[in-house]
Structure formats: structure tokens, C-alpha cells
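Me: I am new to this structure and would like a close look at one part of it. Please take the aromatic side chains as the starting point and go on from there in one connected account.

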Amino acid sequence: MPLSELDQPLGRNRRARPRPPVGRWLSRALAGALVVTFTGLTLYAALRRDPDGGEPMATAAIRERPRAPETAATAPDISRLEAPQGPASARQLETESGVTVVRPGADETDIPGAIVITVPDEGTIKLAPSPDKRLVERTRHGFLPKVGLDGATPAQVYARPLGPAPATKPAGRIAIMVGGLGISQSSTSEAITRLPGAVSLAFAPYGADLEKTAARARAEGHEVFLQVPMEPFDYPDNDPGPHTLLTGPKGADNLDRLQWALGRFTGYVGIVNFLGGRLTADDAALTPLLREVAGRGLMVVDDGSSPRSQLAPAATRAQIPALKADLALDGTPRADAIDKELQRLETLARENGVAVATASALPVTVERITRWARTLEAKGLAIVPVSAARGFRNPSSTGSLR
């Protein structure tokens, strides 16, 4: 039975909404894309009729020229055709060529702005390689020096050779030891590169990478020494640093402290005191230390800072090659004061045959020594390494050398 309008559910009598003509839109889009593609291809073909885009063009024939027969004069050097074996870095290039470049670093404010380049003289004196396996022993503190089975000692082997004798005998010889190296990289580099090779350098035991730095100094011709911290009279207010050699009951561990210092690097000729007024005046404290030094074939240098020091005479009694410096060049670190001490050093050298001075690696000290050293040849004076100073002592003189 047909339902009336009152009997039909609500909403059933609405007309369905026509669906959007998706097919018609899709066909129009495809047609448009085809037109655009065809138009683009047509334009591209029209523009590419000239393969050079309308630019001028020319055609030239390339013919290989006939090679002339090789002769002994024109044949290539096969050894030069090998793959180049260049240095891996600028540092390696410097090492291989012998050129030293000092570059100011970000934390090195006491170095000039420009780099310093030092080209070695062809006549540079070469030092013996270090470490010499005959002269080292492995310990818990590292490699320590020792006397070789053949009797060779570090004091002999690692010393700087004197080189050829001068044409005329010098009126006097001067030995200088510059200390305090190895802690400041910039000051150390300045001293190594600027000072004459015959100037001896002393390294404190607290610097980083001392083995490499000392090796660089030796490569520049400088013999090197080890500075050993020793107790001063005003210790501990004036503290030389860790592993200081002490007097009295506190000195029971001195041998271990000394061996720690001796193991910091290799290639040094001997030791020199750093401070040490109290210890160097104490025979009881010095005796076991000098016995250890003697057994290791080292030289001993007293820097002359303490008038009460017995270091050099006690070392001589222990049959250790030893000497005491005559003066310190930069007790007053001013250019005029340093120049005055250098003049005193010249006078002592003429009177005694040889004079020995110590100095620190302050920039002003390095600059004044470098400038002064250029004047020595005209004065009939010569710089010798500290290790050789004892051999030029006048028998009749009464200086401080031992």
C-alpha cells in the first residue's frame, strides 16, 4: 500500500545533490599540461638549432707534433717521475729543512707580532743524538741518565763540541747559561732561536713536553742542563716548586725527588741549582745527592746565587766536573744594568782566560745578550759552552771556577 506523505520518514523526500564533475576537471588539467609541454618542447627545439647558442664559433684541426728521438741530454730523469713525497705539515717542513719559525700564539702576549724565522748556518755544530741508549736506564720516573758500560758519560757525550779552533787565539772566552726555560713557550722559543748556539740553556723540570723542547734546543746547537729545585733560606715563603730538595728530617725523600727531576727529559749535560741557598750550604744534605749525581755521569754547576754555597767544592771533592758562575747578568732586569754586567764579564774573561755567567730567559735579557754577542769577534773574545769552560781556566787566576 503506497505511503502518504504523512507516513514517509522525514528527509527521504529530498533531492540528491549532484556530485562535482571530477572527471571533467581532470581531463581539462591533462589537456592543459600537454599543451604546456608541447609548447615548451617547441621553444627548446627552436632555440637549440644553433648548438652554440648563437655565439661565434670556429673549427680548428689539432695535429700531434712528431716527437724528436730521445738522447742522453733530453731523456727524462726517471727518479724525478716518482710520486712526490712532500711533508705532511708546515712543522714537518721546518724540521726537514732546518728552518725554525716562531709563531705568536693566542696566549703568548710577550712575543712580537711578527713571526721570527731563523735559517741555520751551514756550519752549525751538531750535537750527539739523544737519548743515547748506552746512557739511559728505565725507572718508574722515566729514563734516567747513567754511565755507559764503555765509560761514556752524559756530561761528555751530550756536551756541545767546540768546533774548529779559531784562526787567532781569543783574548778570553765567555760561557753563559740561560735558565728558567721550558715553562713559558714564547720565552723558550725566543731563547732557542735568537741566542747563539754556544750559549747553554737550562730547563726547569715543570714545563710541558720538555723532551721535545729540549730536543729542539739541542737541534739548534745549544747544550742543555737540568735545573733542580733546592731549598732556599726563606722556604716555604719562597717555594721553588714541587719535588724541592730539602734539608733536615724533611730531606729523607730527597733521592726520590732528585730522580723525579732527572727523569723529566734526556740529553742534558748536568744539573744546576734553582735557588737552594740553605741546601747548598748543608754538607750533610749535599753528600747523598752528589753521590747520586756522580754515579750518573753528570756535571754540576752552581749558579752563584748564594755566597754560602758549597755545591761546587763538594762536587769537586766527589770527583764530579763542577764550576761556579762568576756573576748573574740580570739581577737587575734592565737593559743598561745587563749591559754593565756584560762589560764586567768581558773584563773577567780577559783576566782569567774564561768567565761564566748565568741569566734568566727574560725578553730583555735575551735581546741584550744577542746584540752583545755580535760584537765579540771584533773584541777578540769568544763564547764557549759551559761544559767547556773549565778547560780554559788560567792556572794563575783566582776566579770562582772549580
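Reply: Phe 265 has a relative accessibility of 1%, and because the limit for buried is under 20%, Phe 265 counts as buried. The model is a predicted one. Tyr 268, at 2% relative accessibility, is buried by that limit as well. The rings of Phe 265 and Tyr 268 have centres 5.2 Å apart, and their planes stand at 75°. Planes over 60 degrees apart count as edge-to-face, so that is the class of this pair. Phe 265 and Tyr 268 also belong to one aromatic cluster, together with Phe 203.

A search of the whole structure gives 3 aromatic pairs. One of them joins Tyr 206 and Trp 260, with ring centres 6.1 Å apart and planes at 35°. That angle is neither under 30 degrees nor over 60, so the pair is tilted. Tyr 206 and Trp 260 are 54 residues apart, and their pair links distant parts of the chain. Tyr 206 sits in the loop between strand 6 (200-203) and helix 5, while Trp 260 is in helix 6 (residues 254-262). Tyr 206 has a relative accessible area of 26% and is therefore partly exposed, since the partly exposed class lies between 20% and 50%.

Helix 5, which borders the loop of Tyr 206, also packs against another helix. Helix 5 covers residues 210-219, and its partner, helix 4, covers residues 185-194. Their axes are 9 Å apart and meet at an angle of about 20°. Angles under 35 degrees count as roughly parallel, so helix 4 is roughly parallel to helix 5. The crossing of helix 4 and helix 5 is right-handed. On the side of helix 4, the contact is made by Thr 188, Ser 189, Ile 192 and Thr 193. Helix 5 contributes Thr 213, Arg 216 and Ala 217. By type, the residues of this contact divide into 2 nonpolar, 4 polar and 1 charged.

One further residue belongs to another loop. Ser 306 lies between strand 9 (299-302) and helix 8 (311-317). Its relative accessible area is 7%, so Ser 306 is buried. Apart from neighbours within four places in sequence, Ser 306 is in contact with Phe 233, Gly 277 and Lys 324.

Note on methods
Residues are numbered from 1 along each chain as its sequence is written. This is a predicted model: local features need pLDDT of at least 70, side-chain atom pairs count only at pLDDT 80 or more; totals for chains, interfaces and linings use all residues. Side-chain values use heavy atoms; hydrogens and water are left out. Axes are lines fitted to C-alpha atoms, for helices over the stretch in contact, and angles run from 0 to 180 degrees between N-to-C directions. Helices (H or I, at least four residues) and strands (E, at least two) are DSSP runs, numbered from the N terminus. Angles under 35 degrees count as roughly parallel, over 145 as roughly antiparallel, 65 to 115 as roughly perpendicular and the rest as oblique. A crossing is left-handed if the near helix is turned anticlockwise from the far one by less than a right angle, and right-handed if clockwise. Contact means heavy atoms within 4.5 Å. Ala, Val, Leu, Ile, Met, Phe, Trp, Tyr, Cys and Pro count as nonpolar, Asp, Glu, Lys and Arg as charged, and the others, Gly among them, as polar. Rings of Phe, Tyr and Trp (its six-membered ring) pair if their centres lie within 6.5 Å; planes under 30 degrees apart count as stacked, over 60 as edge-to-face and the rest as tilted. Buried means under 20% relative accessible area, exposed over 50%, partly exposed in between (1.4 Å probe, protein chains only).
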